[in-house]
Amino acid sequence: MKKVLVFNGSPKRNASDTMHMTRAFLDGMNSADEFDVSIINAIDKNIEFCRGCFVCKRNGGTCVINDDMKEILEEILNADIIIWSFPLYCYGMPAHLKALIDRTMPLSSMMMEKVGEHYEHISDHDFSKTSYVMICGCGFPSGKNNFEAMVTEFKLMFGDDKSTIITVPESPMFNVKEAEPVTKPFLDVLREAGREYAADGVISPDTWGKINTPMIPEEIYTQIANSANA
């Protein structure tokens with residue numbers, strides 16, 4: 001049974017707008033196959049900031065900081081699919097999730113190699129069969145000129161060919177009951193995306209088209225959002 005590791009980067013835990021999407025995607029995956037799913041709420045873990053000392057790269061991958069990252073690194077090494085679920089914060093990820101990613105430094109060595117047009121540290125572990133999914137939502141009515149920096153960062157970290165990236169604007173609607181006439185059909189699309197991903201390793205162009213279609217027109221969303229926050 002393949003192991004799926006989900007990192008929930010939202011400080012809202014289960015009330016996260018983005019986790020509504022991630023749970024739908026997982027439901028779709030489980031409809032196609034059976035998976036062992038673990039969910040880690042980054043906000044609940046004791047994760048100190050990386051000190052940049054590089055001791056981990058010189059002593060066999062052991063970090064000098066004694067906190068929850070030791071167990072988290074083991075979870076990463078045992079995962080077949082890693083899903084990073086988080087809201088967009090200042091065109092990037094929330095700080096506690098970024099701290100977690102910074103602390104994955106023990107998984108690579110000081111040696112480096114050129115990959116494509118940039119250089120990377122050589123991994124001390126075999127991640128050739130590990131796949132990565134990013135599910136990210138934001139509160140703006142459009143994803144244009146909002147998700148691009150995070151998408152580029154994710155591809156650089158995990159590889160363009162191994163990354164499946166789902167970005168969804170208007171995501172605060174997932175926690176609004178009155179919006180269910182449009183959010184429920186969209187979650188059904190994400191279930192289909194999860195089913196396709198589990199069955200084929202890719203999401204079909206038709207499903208991508210539906211994911212990239214706003215739930216409601218940008219102008220209407222903006223008007224509703226501004227009225228609610230006036």
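**A tour from the cysteines to the largest pocket**

Begin by selecting Cys138, which counts as buried at 4% relative accessibility. The model on display is predicted. Cys138 takes part in no disulfide, and the nearest cysteine sulfur, in Cys136, lies 7.2 Å away.

Next, select Cys50 together with Cys56. Cys50 is partly exposed, with a relative accessible area of 32%. The sulfur of Cys56 is the closest cysteine sulfur to that of Cys50, but at 6.7 Å it is too far for a bond. Across the structure, the number of disulfides is zero.

Move now to helix 1, residues 17-32. At its start, select Ser16 and Thr18: a side-chain oxygen of Ser16 comes within 3.1 Å of the backbone nitrogen of Thr18. The buried residues of this helix include Asp17, Met21, Phe25, Leu26 and Met29. To see what covers the buried residues of helix 1, display, among others, strand 1 (2-8), strand 2 (35-41), strand 6 (131-137), strand 7 (163-168) and helix 5 (180-200). Strand 3 is also part of this cover.

The last stop is the largest pocket, which holds about 1100 Å³ of space. Select Glu120, His121, Leu156, Met157 and Phe158, the closest to its centre of the 32 lining residues. Two or more lining residues come from each of strand 3 (81-87), helix 3 (95-102), strand 4 (108-115), strand 5 (118-123) and helix 4 (148-158). Which element gives the most to the lining? Strand 5 does, with six residues. Colouring the lining by residue class separates 14 nonpolar, eight polar and 10 charged residues.

Methods. Residues are numbered from 1 along each chain as its sequence is written. This is a predicted model: local features need pLDDT of at least 70, side-chain atom pairs count only at pLDDT 80 or more; totals for chains, interfaces and linings use all residues. Side-chain values use heavy atoms; hydrogens and water are left out. On a 1 Å grid over the protein atoms alone, a cavity is a set of points where a 1.4 Å probe fits but cannot get out, and a pocket is an open set with protein on both sides within 12 Å along at least five of seven lines; lining residues have an atom within 4 Å of a point. Grid points are joined across faces, edges and corners, and a volume is the space filled by probe spheres set on the points. Helices (H or I, at least four residues) and strands (E, at least two) are DSSP runs, numbered from the N terminus. Ala, Val, Leu, Ile, Met, Phe, Trp, Tyr, Cys and Pro count as nonpolar, Asp, Glu, Lys and Arg as charged, and the others, Gly among them, as polar. Buried means under 20% relative accessible area, exposed over 50%, partly exposed in between (1.4 Å probe, protein chains only). Contact means heavy atoms within 4.5 Å. A polar contact is a pair of N or O atoms within 3.5 Å; within protein, one must be able to donate a hydrogen and the other to accept it, and residues adjacent in sequence count only if both atoms are side-chain atoms. A disulfide is a pair of cysteine sulfur atoms within 2.5 Å.
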